[in-house]
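Hi everyone, thanks for squeezing me in. I'd like to walk you through one model, and I'll put it up on the screen now.

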Amino acid sequence: MELIKKLWQKYKSIIAYLFWGVVTTIINIGSYQIMSPVWHWNYEVSTVIAWFLSVLAAYFTNKVWVFGSHYTTVKAFVVEITSFFFYRGLTLLIDMAFMWVGVSVLGLRSSLQQFIVKTLDNVVVIIANYIFSKWLIFKNNENIASK
């Protein structure tokens, strides 16, 4: 039992990140699947809107349940949310490039093909987002909040 507690303490942020990552991935893929294959919106527009919805959900879940970020000033909040959206913007570029290659270059246009491309895309994006969040966004907030 003690080993389980130690493992939980060591990996709880990763476990929480993975859980909430699944939730935000469902938001991302689900909203994309509705907008592009169902409503026939342009895949690039659908990707950006799906990104925004999932990043908004991710900010609050990461802040509260994954990294336990507690800022004490308005400046710390502004820096944190700006950093979060900035780094998520970088992964949006990865997302857009991945979808462009899959849909425009490789011609994967069916709903199933787009679903597969979007899912693989999200795996890469989730890994990059965790790295940015863990070591750049919420870690910097601790330094700012203590000033």
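Before I point at anything, one bit of vocabulary: buried means under 20% relative accessible area, exposed means over 50%, and partly exposed is what sits in between. And please remember that this is a predicted model.

So let's try that out on a residue in helix H3, Ala97. Is Ala97 buried, partly exposed or exposed? Its relative accessible area is 41%, so Ala97 goes down as partly exposed. If you look back along the chain to Ala76, 21 residues away, the two C-alpha atoms are 32 Å apart.

Okay, on to helix H1. H1 runs for 37 residues and spans 50 Å from first C-alpha to last, close to the 54 Å you'd expect at 1.5 Å a residue. There's a kink in H1, though, of about 65 degrees, centred on Tyr11. Then, just after H1, His40 has a positive phi of about 65 degrees.

Now the inside. The largest nonpolar core has 16 residues, and among those with the most contacts inside it are Tyr17, Phe67, Phe84 and Phe138. Helices H1, H2, H3 and H4 each give two or more residues to this core. There's also a second, separate core of 7 residues, including Tyr43 and Met99.

Stay with Phe138 for a second. Leaving aside neighbours within four places in sequence, Phe138 touches Phe67 and Phe84, but also Lys63 and Glu80, among others. Those last two bring me to the charges.

How many salt bridges does the structure hold? There are 3. Glu80 pairs with Lys63, with the closest N and O atoms 3.2 Å apart. Glu80 is in H3 and Lys63 in H2, so this pair ties together parts 17 residues apart in sequence. Both of these charged residues are buried.

Next, Lys118 meets Asp95 at 3.0 Å, N to O. Here Lys118 comes from H4 and Asp95 from H3, so the link ties together parts 23 residues apart in sequence. Lys118 counts as buried because its relative accessibility is 0%, and Asp95 does too, at 3%.

Lys118 also has a salt bridge to Asp121, at 3.8 Å from N to O. Those two sit 3 residues apart in H4, so about one helical turn separates them. Asp121 is buried as well, along with Lys118. Put those together, and Asp95, Lys118 and Asp121 are joined into one network by salt bridges that share partners.

That's my tour, so over to you for questions.

Notes. Residues are numbered from 1 along each chain as its sequence is written. This is a predicted model: local features need pLDDT of at least 70, side-chain atom pairs count only at pLDDT 80 or more; totals for chains, interfaces and linings use all residues. Side-chain values use heavy atoms; hydrogens and water are left out. A nonpolar core is a set of buried Ala, Val, Leu, Ile, Met, Phe, Trp, Tyr and Cys residues joined through side-chain atoms within 4.5 Å. Buried means under 20% relative accessible area, exposed over 50%, partly exposed in between (1.4 Å probe, protein chains only). Helices (H or I, at least four residues) and strands (E, at least two) are DSSP runs, numbered from the N terminus. Contact means heavy atoms within 4.5 Å. The expected span of a helix is 1.5 Å times one less than its number of residues. The bend at a residue is the angle between axes fitted to the seven residues ending there and the seven starting there. A salt bridge is a side-chain nitrogen of Lys or Arg within 4 Å of a carboxyl oxygen of Asp or Glu.
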